[in-house]
Amino acid sequence: MSTVPLALAIDMVPLPAVRLPSGMSLEAALQQRRSIRAFLPDALPLDLVSSLLWCAFGVNRAPRTEWP
């Protein structure tokens, strides 16, 4: 996999559309969590970066278009 140097102050990277989560419940995700402190030198694929940023942003539902 090749990498492209970026000037982060001025360059913008278009990210692929977010793939929606697989449907795993929060409880299952918490039960299966683990910590790994050995890292591979490989770059993360852009689709994974896009999904991680989407999850970290805190907006993970479509906006409501109507009120109850």
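These entries record what I looked up in a predicted model of one protein.

**Entry 1: overall content**

I began with the secondary structure and found two helices and zero strands in the protein. I then looked up burial over the whole chain: of the 68 residues, 3% are buried. For the accessible surface I noted a total of about 7000 Å². Carbon and sulfur atoms account for 63% of that surface.

**Entry 2: a nonpolar patch**

I next asked which residues form a nonpolar patch on the surface. They are L6, V13, L15, L46 and L53, and together they have about 410 Å² of accessible area. I picked out L6 from this group and located it in the segment before α1, the helix that spans 26-31. The relative accessible area of L6 is 42%, and L6 is therefore classed as partly exposed, since that class lies between the 20% and 50% cut-offs.

**Entry 3: S50**

I turned to helix α2, which covers residues 46-57 and contains S50. Is S50 buried or exposed? I recorded S50 as buried, because its relative accessibility is 5% and the limit for burial is under 20%. I then listed the contacts of S50, leaving out residues up to four places away in sequence, and obtained L15, P16, A17 and V18. One of these, L15, also belongs to the nonpolar patch of the previous entry.

**Entry 4: R19**

I placed R19 in the segment before α1. R19 counts as exposed because its relative accessibility is 55%, and the class begins at over 50%. How far apart in space are R19 and S50, C-alpha to C-alpha? I noted 8.5 Å for this pair, with a separation of 31 residues in sequence. With residues up to four places away in sequence not counted, the contacts of R19 are D47 and S51.

**Entry 5: S51**

I followed the contact from R19 to S51 and found S51 in helix α2. The relative accessible area of S51 is 13%, so I entered this residue as buried, the cut-off being under 20%. Apart from neighbours within four places in sequence, S51 is in contact with V18 and R19. V18 had already appeared in my list for S50.

**Entry 6: summary of the contacts**

I close with the links between the segment before α1 and helix α2. R19, in that segment, touches S51, a residue of helix α2. S50, in the helix α2 as well, has V18 among its contacts, and S51 also touches V18.

Terms used:
Residues are numbered from 1 along each chain as its sequence is written. This is a predicted model: local features need pLDDT of at least 70, side-chain atom pairs count only at pLDDT 80 or more; totals for chains, interfaces and linings use all residues. Side-chain values use heavy atoms; hydrogens and water are left out. Helices (H or I, at least four residues) and strands (E, at least two) are DSSP runs, numbered from the N terminus. Buried means under 20% relative accessible area, exposed over 50%, partly exposed in between (1.4 Å probe, protein chains only). Accessible areas come from the Shrake-Rupley method with a 1.4 Å probe; for residues, only the protein chains shown count as cover. Patches are made of residues with over 30% relative accessible area and no salt bridge: like charges are joined within 9 Å, nonpolar side chains (Val, Leu, Ile, Met, Phe, Trp, Tyr) within 5 Å. A salt bridge is a side-chain nitrogen of Lys or Arg within 4 Å of a carboxyl oxygen of Asp or Glu. Contact means heavy atoms within 4.5 Å.
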